[in-house]
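Q: Please take a close look at the sheet in this model and at what packs on it. Please cover the cysteines as well.

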Amino acid sequence: MKKLYSGIDVSKWQGNIDFNKVKQSGVEFVMLRTGFGRFKGQEDKFFKPNYKGAKDAGLMVGAYHYSYAKTPEEAREEAKFCLSIIEGKQFEFPVAFDMEERSVALLGKAKVSEIAKAFCDTLEEAGYYVSIYANKSWLLNYFTEEIFQKYDIWLAHWVEETDFPKAYGMWQYTSDGEVGGVSGRVDLDNAYKPYPSIMKEKGLNGFKETPPKPDFSAGQKVELQNAPLYATATTSKVAARKTGTYYLYDGKDFSGRYRVTNSTSRVGKAPVGQNVTGYVNVEDLG
């Protein structure tokens with residue numbers, strides 16, 4: 001797979017971070033720990049300053065929540081706690097469910113998968129793109145096939161080349177990295193999906209959905225209904241109102257306005273002043 005972004009993941013254990021130096025080192029995104037569990041007081045005390053510092057430095061961010069839930073009900077409570085921490089923030093990268101507690105693994109594949117599903121579904125219902133973080137052994141031994149079909153995976157496998165046989169969107173390939181701005185060792189990650197565009201286009205993780213840009217072309221027929229017509233692209237003065245069939249003169253967008261003409265024979269012809277009827281707002285092109 002082709003790597004699209006380089007990143008790190010951090011928590012309170014990294015202490016104070018100089019995110020400007022992190023960015024200068026070539027890091028593009030940071031996964032921030034929100035906290036662990038489901039109770040008040042378990043928020044990572046560095047989450048808020050890390051979020052602000054990373055954003056201020058121009059870094060893209062994601063988040064992860066450490067779990068020790070042993071039932072789907074507890075996982076849903078963890079999800080609600082996580083949502084309370086990330087409320088009002090925007091994440092270009094996934095919000096991940098971090099599963100690595102041995103006592104949870106001992107519950108077996110079916111129960112572990114139910115727990116993961118409970119957390120992820122709760123986050124998805126709230127409008128977030130989720131992934132599941134776990135190491136290679138966990139992923140291969142404690143999750144049903146349904147999990148891989150439904151959710152993105154953030155793989156932890158500390159090797160030079162992973163042989164993990166299933167699809168994954170991110171790979172944490174070492175815990176022994178060195179990055180400017182971080183004291184001591186830090187986890188290093190690669191991302192293989194265009195997460196920022198996914199979040200923004202689909203309106204996930206705190207972003208509003210981006211409406212598709214109209215595909216207008218020269219000569220396209222448009223139906224106007226008492227639409228205001230303007231003499232230029234910038235004037236606020238309405239020159240006339242038009243109803244009927246018109247045609248886009250050249251399909252060019254002038255700050256949300258398009259030039260129209262009243263005949264296909266005039267489309268694209270010069271001089272403009274003799275062939276363009278006027279400018280119409282994009283929202284009036286029925």
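A: The sheet comes first, then the helices on it, then the cysteines.

The model is predicted. Its sheet is a barrel closed by eight strands, in the order β1-β2-β3-β4-β5-β6-β7-β8, with mixed pairing. On average, neighbouring strands of this sheet are turned by 30° against each other, with direction ignored. Strands of a sheet pair through backbone hydrogen bonds, either parallel or antiparallel. Strand β1 (residues 5-10) and strand β8 (residues 186-191) run antiparallel and are joined by five bridges. Within this pair, Ser-6 of β1 has Asn-190 of β8 opposite.

Two helices can be placed against the strands. Helix α3, residues 72-86, lies across β2 (29-36), β3 (60-67) and β4 (95-99), and α3 runs at about 150° to β3. Helix α5, residues 109-125, packs on the sheet and touches β3, β4 and β5 (130-135). The direction of α5 makes about 160° with that of β4.

Each of these helices includes a cysteine in its residue range: Cys-82 falls within α3, and Cys-120 falls within α5. A disulfide is a covalent bond between the sulfur atoms of two cysteines. The cut-off for counting one is 2.5 Å between the sulfur atoms. For Cys-82 the closest cysteine sulfur is that of Cys-120, 10 Å away, so the pair is too far apart for a bond. Seen from Cys-120, the closest cysteine sulfur is in Cys-82, again at 10 Å. The count is therefore zero disulfides. Cys-82 is buried, at 0% relative accessible area, and Cys-120 also counts as buried, at 0% relative accessibility.

Methods
Residues numbered from 1 in each chain as written. Predicted model: local features only at pLDDT ≥ 70, side-chain atom pairs only at ≥ 80, totals over all residues. Heavy atoms only, no water. Buried < 20%, exposed > 50% of the residue type's maximum accessible area, 1.4 Å probe, protein only. Pairing = 2+ DSSP bridges. Helix = DSSP H or I, 4+ residues; strand = E, 2+ residues; numbered from the N terminus. Axes fitted to C-alpha atoms, helices over the stretch in contact; angles between N-to-C directions. Contact = heavy atoms within 4.5 Å.
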